[in-house]
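Okay, everyone, thanks for making time. Let me put the structure up, and then I'll walk through a few spots in it.

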Amino acid sequence: MTASSPNTPVVGLEDIAFATGANRIDLAELAGRFGVDPAKYYVGLGQSEMSVLAADEDIVTMAAAAAAPIIERHGTERLRTVLFATESGIDQSKAAGVYVHRLLGLPQAVRVVELKQACYSATAALQFAAALVARTPGEQVLVIASDVARYELHSNAEPTQGAGAVAMLVAADPSLIELEAPTGVYTKDVMDFWRPNHSATAIVDGKLSISAYQDAIEGAWEDFRSRGGAAFDEVDHFCYHQPFTKMAIKAHRHLAKVVGSELTQAELDAQIEPTTGYNRRIGNSYTASVYLALLALLDSDLDLTGERIGFLSYGSGAVAEVFSGIVRSGYRSALRSEDNRAQLDARTAIDDARYLQLLGDAAAADVHDVVHPQQTSAPFRFAGVAADQRQYEPTTA
Ligand code: COA
């Protein structure tokens, strides 16, 4: 199965890797503070844990850690572009990817830029990357999605925080997934979620964001179909943006209703289940979330060879995009499934008191000058700020 004409190169994902924070908190800890049944989070939201960053971790250190194994495997000879997608940016001007460029020792003949549109922008980055590679098939593009989801403490949204980064290498004749040409897009100005410049946490209208998400996916799906995209029953697996994994189930049930699918609710839910394993344990990673859904699916026991994956990407505010890809034969040899699972298990379990202390310390830290003692064992760390300049360095053993 291929979407490309004989004259256009097959373009898609050559490699994918992820990184997350040093710590994890079980949502039963939050349930205790909120005085609710943990089942509200485990079942109602479909979340069991969230990743919590050490004081010397941020979107840059996670991004560099996610991209490092990709650079190690593929080198930098064909790399011309780094697209860094985030909605938790660390600077109003400088692209976070420029720090990553230095930490990874990338060549100077590389362009680096940051993209923003809530949880959606990594999907725009992927599409831009595919277009660049289609124009010059000898070039490769590194797409990085890295975010820390932070909401007001003690708000209903607090249990849907998290942190993570996914790095993807886009190339011609890819080892993992061939991207198909049709995409469906949708934009509507909605105030369901935003973060003003003065605020460290996002402002969210949770209930509105759920209906805005479903409306946007419906609109993008209709556009996808009108442009020759695959029908619902021609898609074998569906990777949705997962601010909490139950959201993917809600959206999938909604889409199934819109298209008139005759699948039962249990069959629909089973279609989503293999995509939820990582997000359920990491929490919301905003731009990275839809690609963590993909990674969980690729790392599952299912043989996906030749199967079509649908991607349903949503960013509040709101922009959505639907596209699809075909899994290449031999894809398993390009995965790091055991390392991925080990990375999740290696996080330090913290209780609610430690979690509140970490957040409190971060809020109280001097934003102009601060030294962060080493906490993380990730490959790169955020050593602090000196005269308003962020300091990043490889972590010493
Ligand atoms: N056992 C099982 N399920 C339970 C439960 C229990 N003891 N108690 C509650 N639930 C269920 C509820 O029925 C509900 O499920 P449903 O939506 O399928 O009906 C779910 O748990 C959540 O409960 P609810 O009362 O709606 O939660 P909330 O008002 O505290 O907050 C969000 C939920 C998602 C609105 C909130 O976490 C939020 O604003 N998150 C950030 C925004 C976001 O992620 N938006 C997504 C689109 S981008």
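So, V367: setting aside neighbours within four places in sequence, this residue is in contact with V385 and D388. Keep in mind as we go that this is a predicted model. V367 sits in the loop between α12 (352-364) and β15 (370-371). Is V367 buried or exposed? It's exposed, at 60% relative accessible area. And G384, which is 17 residues from V367 in sequence, is 9.1 Å away in space, C-alpha to C-alpha.

While we're in that part of the chain, look at A387. That one is in the loop between β16 (380-386) and β17 (389-394). Phi of A387 is near 50°, so a positive value, and the residue isn't a glycine. A387 is exposed too, with a relative accessible area of 54%.

There's another case like this at D173, in the loop between β7 (162-172) and β8 (177-187). Its phi is near 50°, again positive in a residue other than glycine, and D173 is exposed at 56% relative accessible area. Why flag these? Because most residues other than glycine have a negative phi, and most peptide bonds are trans.

Speaking of peptide bonds, which one is cis? The bond from G317 to A318 is, with omega near 5°. You'll find A318 in the loop between β12 (308-315) and β13 (319-327).

Okay, on to helix packing. Two packed helices are described by the angle between their axes and the distance between the axes. Start with α6 (residues 206-226) and α7 (residues 245-259): the angle is about 45°, and the axes are 10 Å apart. That makes α6 oblique to α7, and the crossing is right-handed. On the α6 side the contact uses I210, Y213, Q214, E218, W221 and E222, and on the α7 side M247, K250, A251, H254, L255, V258 and V259. Sorted by class, that contact has 8 nonpolar, 2 polar and 3 charged residues.

Now the other pair, α3 (residues 59-74) and α4 (residues 96-103). Their axes come within 9 Å and cross at roughly 45°, so these two are oblique to each other as well. Here, too, the crossing is right-handed. The residues making the contact are I59, V60, A63 and A64 from α3, with A96, Y99, V100 and L103 from α4. What classes do they fall into? The split is 8 nonpolar, no polar and no charged.

Next, some buried helices. Helix α5 (residues 121-135) has 15 residues and reaches 21 Å from first C-alpha to last, close to the 21 Å expected at 1.5 Å a residue. Since 11 of those 15 residues are buried, α5 is largely enclosed by the rest of the structure. Among the buried ones are L126, Q127, L132 and V133.

How many residues of α10 (residues 289-299) are buried? That would be 11 of 11, so the helix is mostly covered. The run includes Y291, the leucines L297 and L298, and D299.

And D299 takes us to S337, in helix α11 (residues 337-345). Beyond its neighbours within four places in sequence, S337 is in contact with D299 and Y278. S337 has 15% relative accessibility, so it counts as buried.

Okay, that's my tour. Happy to scroll back to any of it.

Technical notes: Residues numbered from 1 in each chain as written. Predicted model: local features only at pLDDT ≥ 70, side-chain atom pairs only at ≥ 80, totals over all residues. Heavy atoms only, no water. Axes fitted to C-alpha atoms, helices over the stretch in contact; angles between N-to-C directions. Helix = DSSP H or I, 4+ residues; strand = E, 2+ residues; numbered from the N terminus. Parallel < 35°, antiparallel > 145°, perpendicular 65-115°, else oblique. Left-handed = near helix turned anticlockwise from the far one by under 90°. Contact = heavy atoms within 4.5 Å. Nonpolar A, V, L, I, M, F, W, Y, C, P; charged D, E, K, R; others polar. Expected span 1.5 Å × (residues − 1). Buried < 20%, exposed > 50% of the residue type's maximum accessible area, 1.4 Å probe, protein only.
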